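Visitor: I would like to learn how to read the backbone and packing features of a model. Please take them one at a time.

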Amino acid sequence: MVLHTVAAGETLSAIGRRHGIDPGLIARVNGLRPPYDLAVGQCLLILQPVQIHTVVSGDTLWSVAARYGVTPLALLRNNPNLGGRAALYPGQTLVIAWDDTPARDAEVYGYAYPYVDEAVLRGILPYAGTLVPFTYGVSAEGGLVDLDDRRLLALAGQYGVPAMFHLSTLTEDGSFSSERAAYVLEDPERQQALADQVVDRAAALGYEGVDVDFEYLFADQAQPFAAFIGRLAEAARRRGLRVVVALAPKTSADQAGVLYEGHDYRLLGEQADAVLLMTYEWGYAYGPPMAVAPLPAVRRVVEYALTEIPAEKILLGFPNYAYDWPVPYAPDNVRARGLGNLEAPLLAFRVGAEIHFDEASQTPWFSYTDSGGGIREVWFEDPRSCLAKFRLVEEYGLRGVGVWNFMRPFPACFSLLNALYRVGG
């Protein structure tokens, strides 16, 4: 693979000639659409095909896959322009195999709200090892708050992707409730009742396990939370299910702050089958402009986690989103606007901004002047920052990557994962 940084005046055709590859293949891997506008400083993922097939009348995804001894899902992964769909047309070029041959498995684990755009999710599911519909809640009385997950379960089933039941203390107004968590955690009987209710529902709906995300717990709730996870895991394993716990990005056992104190890495790692490190949100909507997941910070969290939890249980969190901040930063300023990583370079082109790459955080960024004369700053992910983070999986022997979330398209990210690791089914 090659990571190409666009220079001033370069076109997709010129980049294709430089690397000896059809520009259309570069476009499909990076999610580019006509007229293929490129921003100065934009990074493109360049993959070299080693085997291609030209579709003829009568070909189907399944017949082409059988002819070359690959799976239909592998064809979908190697051809992100298909959008996860099986429709082919005569004259279409399919990549059977790219030059990069992964030698290691890695789970790609990700979340989606019920209102996710179906086309977006279909484009991602071929790469996914697990889909997590977000989220069942905890009521004020310690019971379950329902989720309409039928559509997501049906879509996951079409691609043979297992799904995890998601339980959180997120309330109807979109905030995590310390009070609802405390109500359950302070009483072992309430813990057991909720654990049993969750496992019964998960098993009845065909989930393969339960993912738990309790945030903003107090220090005195750390042991009760671990005890709840233990009860949940015991009930789940009796039904053949697994348990995953989302962990705040800690760098030490005694790290202060309400985000961290309720998560005891050692205790939770012992009880759960896997954990997801939420290694993102250093740059966040109400904070100053900066990388959402700066590599040195991500690395520090991973290295601490490895002192408490086996590597094969750890999923590395990855942010499939970006932020567009007003500057200069002020605590009472308007919050940052969220946008997609595929969307950010298009914005840079539209406003005539040059994309820069911050070596310290291993993250791209740019600034521009909006229509009202205000200065804005955007930090996002691209193939360079993705590669820096995804390589941590192999470096530390981690289980895989946990993507927050599957709501936005980012073909270069998933194509890169597909080039580095054996993913999907």
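Guide: Start with the labels: helices (H or I, at least four residues) and strands (E, at least two) are DSSP runs, numbered from the N terminus. The model is predicted, so local features need pLDDT of at least 70 and side-chain atom pairs count only at pLDDT 80 or more, while totals for chains, interfaces and linings use all residues. Residues are numbered from 1 along each chain as its sequence is written, and side-chain values use heavy atoms, with hydrogens and water left out.

Visitor: Which residues does a cis peptide bond join in the loop between strand E6 and strand E7?

Guide: Most peptide bonds are trans, and most residues other than glycine have a negative phi. Here Phe134 and Thr135 are joined by a cis bond, with omega about 5 degrees. Thr135 sits in the loop between strand E6 (130-133) and strand E7 (137-138). A cis bond also leads from Trp404 to Asn405, with omega near 5 degrees; Asn405 belongs to the loop between strand E19 (400-404) and helix H14 (411-420).

Visitor: Where is Tyr216 found, and is Tyr216 buried or exposed?

Guide: Accessibility has three classes: buried means under 20% relative accessible area, exposed over 50%, and partly exposed in between (1.4 Å probe, protein chains only). Tyr216, which is not a glycine, has a positive phi of about 60 degrees. Its place is the loop between strand E10 (209-213) and helix H9 (222-238). With a relative accessible area of 35%, Tyr216 is partly exposed. Glu281 also has a positive phi, near 75 degrees, in the loop between strand E12 (274-277) and helix H11 (295-308). Glu281 is partly exposed, at 33%.

Visitor: At what angle do helix H7 and helix H8 pack?

Guide: Two packed helices are described by the angle between their axes and the distance between the axes. Axes are lines fitted to C-alpha atoms, for helices over the stretch in contact, and angles run from 0 to 180 degrees between N-to-C directions. Helix H7 (residues 178-185) packs on helix H8 (residues 188-205) at about 105 degrees, with the axes 6 Å apart. H7 and H8 are therefore roughly perpendicular; angles under 35 degrees count as roughly parallel, over 145 as roughly antiparallel, 65 to 115 as roughly perpendicular and the rest as oblique.

Visitor: Which residues in H7 and H8 meet?

Guide: Contact means heavy atoms within 4.5 Å. Tyr183, Val184 and Leu185 of H7 meet Arg190, Gln191 and Leu194 of H8.

Visitor: How do H1 and H2 cross?

Guide: The axes of helix H1 (residues 12-19) and H2 come within 8 Å and cross at roughly 110 degrees. H1 and H2 are therefore roughly perpendicular to each other. From H1, Leu12, Ser13, Ile15 and Gly16 meet Pro23, Ile26 and Ala27 in H2. Asn30 is also found in helix H2 (residues 23-30), and is buried, with a relative accessible area of 5%. Not counting residues up to four places away in sequence, Asn30 touches several residues, including Cys43, Leu342 and Pro383.

Visitor: How many residues of H13 are buried?

Guide: Eleven of the 14 residues in H13 are buried, and the helix is mostly covered. The buried residues include Pro383, Arg384, Lys389 and Tyr396. Just after H13, Gly397 takes a positive phi of about 70 degrees.
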